[in-house]
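Biologist: Can you put the model up so we can go through it together?

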Protein chains: 2
Amino acid sequence: MAKRPADPISASAPAARQVPMRDFSRSLPMSLLRAREAVMRQFRPSLREHGLTEQQWRILRALAAIEAAEVTELARTAFLLGPSLSRILRDLEARNLIERRTAKADQRRSMVSISKEGVKLMASVAPSSEAIYAEITRRFGARKLAELQEMLAELERSLAELGASDEASAEE
Amino acid sequence: MAKRPADPISASAPAARQVPMRDFSRSLPMSLLRAREAVMRQFRPSLREHGLTEQQWRILRALAAIEAAEVTELARTAFLLGPSLSRILRDLEARNLIERRTAKADQRRSMVSISKEGVKLMASVAPSSEAIYAEITRRFGARKLAELQEMLAELERSLAELGASDEASAEE
DNA sequence: CGGAGATGCTTAACATGTTAAGTGAATGCG
DNA sequence: CGCATTCACTTAACATGTTAAGCATCTCCG
């Protein structure tokens, strides 16, 4: 371990290295980011061929699994923020991949569902998508993949309560 | 593709599930995305207080560790694409947090380094950032954290050759 | 009733992700 | 040399992430 003389900011040094933080390439956020990018890099070309972005694909998949959903529910399922979802739904609707109608009970809510065309598009993308996922599983190992997912889920649980309230040195 | 028989799925009928994919909320990309978001949610408020985005912070951290770097090298270290980095460097330079000058040997390259002000800003952010990281480590467990990072690194390695089939062989 | 507040969604504004094209400076090769 | 090619960025264009505001609609309570 490189030990370091405790001297935060010496007023005239050559400007760098006074703040001894962990090597940030090994920080958890970076690890997660790089891993995710390594995975998504496999899928993007195939999605792109079909004229879909990653997020549009997430929405179609979410909708295919449930008959219809409110926008807020869909946002939670596809893990998208409201504003992003709003824009994407507008575009997907213009492409006739989804359908939308306001609920009769509550005029504020709008119900979203996948269209016939949307289902067709999914059917054309799914095979190559599944093949890629299978190849990733084969390379990394099915058992290790399951372990990894479990650890990720537990990480989420560990931090679930933390984010709800405010944190160190909140506002000002 | 083969024409398909009358589609049983219509806009008003229940069930649009003829493509049986995995529950996508358990897909690897989603797991990684959610885990990363759970982590970043802890850091964003603190960074925001200091007027920094996550990416700007990555760049400052990278620069603090290495005197000076070319833009391309910095992009690799901070895991940012060229265009994003270009914009961010422009902004950070306008805020006097970094300095930039073109190399004499090769007029195409520009050397970037953190400024005195940048170092000061880092020093003001680092403590709370480290505290948050420590809390995350405490909650999840230091050992498990190390295991997780190792698995993520291995996942990266597993997929390294796959996505870059014709351009792999120039790394140290 | 009725208006204050909550709710569901959209727009706005700014920053980044992503791909493609542009620009000026080196390099290779005839 | 001459010049096409490569290289190191930068710009451009479009899509999403992120926060704050805006706008209807709905709920609740006096």
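Modeller: What follows is a talk through salt bridges, strand pairing and the DNA surface of a predicted model.

Biologist: Start with charges. How many salt bridges over all chains?

Modeller: Searching the whole structure gives 30 salt bridges.

Biologist: Which side chain does A:Arg109 meet in a salt bridge?

Modeller: A:Glu70, with N to O at 3.1 Å. The two are 39 residues apart and link distant parts of the chain: A:Glu70 sits in strand β1 of chain A (residues 69–70), and A:Arg109 in the loop between β2 (98–102) and β3 (110–114).

Biologist: How does A:Arg109 count, buried or exposed?

Modeller: Partly exposed, because its relative accessibility is 38%. A:Glu70 is also partly exposed, with a relative accessible area of 25%.

Biologist: And chain B, what does B:Glu70 form a salt bridge with?

Modeller: With B:Arg109, where the closest N and O atoms are 3.2 Å apart. B:Glu70 belongs to strand β1 (residues 68–70) of chain B and B:Arg109 to the loop between β2 (98–102) and β3 (110–114), so the salt bridge ties together parts 39 residues apart in sequence. B:Glu70 counts as partly exposed at 26% relative accessibility, and B:Arg109 counts as partly exposed at 35%.

Biologist: Any helix-to-helix pair? What is the partner of B:Glu54?

Modeller: B:Arg44, with the closest N and O atoms 3.6 Å apart. B:Glu54 is in helix α2 (residues 54–64) of chain B and B:Arg44 is in helix α1 (residues 28–49), ten residues apart.

Biologist: Is that B:Glu54 buried or exposed?

Modeller: Buried: its relative accessible area is 12%, and the limit for buried is under 20%. B:Arg44 is partly exposed at 34%.

Biologist: Which residues do shared partners join into one network?

Modeller: In chain A, salt bridges with shared partners connect A:Arg36, A:Glu37, A:Arg41, A:Arg44, A:Glu54 and A:Arg58.

Biologist: Switching to strands. In what sense do β1(A) and β3(A) pair?

Modeller: Antiparallel, over two bridges. In that pairing, A:Ala69 stands opposite A:Val112 of β3(A).

Biologist: How many bridges join β2(A) to β3(A)?

Modeller: Five, and those strands run antiparallel. A:Val112 turns up again here, as the bridge partner of A:Arg100.

Biologist: Why is β3(A) said to be largely enclosed?

Modeller: Because four of its five residues are buried, the rest of the structure largely encloses β3(A).

Biologist: Now the DNA. Which residues come nearest to strand D?

Modeller: A:Pro83, A:Ser84, A:Asp106, A:Gln107 and B:Ser86, out of 26 residues around DNA strand D. On the DNA side, sugar and phosphate make up 68% of the strand D atoms that come within 4 Å of the protein.

Biologist: What lies 3.3 Å from a base oxygen?

Modeller: A polar side-chain atom of A:Arg108. For the backbone, the side chain of B:Thr72 has an N or O atom 3.1 Å from a phosphate oxygen of DNA strand D. The side chain of B:Arg48 has an N or O atom 3.4 Å from a sugar or linking oxygen of DNA strand D.

Biologist: Which element gives the largest share of that surface?

Modeller: α4(A), with four residues.

Biologist: And how do the residues of the surface near DNA strand D divide?

Modeller: Into eleven charged, eight polar and seven nonpolar.

Definitions and conventions:
Residues are numbered from 1 along each chain as its sequence is written. Chains are lettered from A and ligands numbered from 1 in the order in which they are written. This is a predicted model: local features need pLDDT of at least 70, side-chain atom pairs count only at pLDDT 80 or more; totals for chains, interfaces and linings use all residues. Side-chain values use heavy atoms; hydrogens and water are left out. A salt bridge is a side-chain nitrogen of Lys or Arg within 4 Å of a carboxyl oxygen of Asp or Glu. Buried means under 20% relative accessible area, exposed over 50%, partly exposed in between (1.4 Å probe, protein chains only). Two strands pair if DSSP finds at least two bridges between them. A residue is near a molecule or strand if one of its heavy atoms lies within 4 Å of it. A polar contact is a pair of N or O atoms within 3.5 Å; within protein, one must be able to donate a hydrogen and the other to accept it, and residues adjacent in sequence count only if both atoms are side-chain atoms. Ala, Val, Leu, Ile, Met, Phe, Trp, Tyr, Cys and Pro count as nonpolar, Asp, Glu, Lys and Arg as charged, and the others, Gly among them, as polar.
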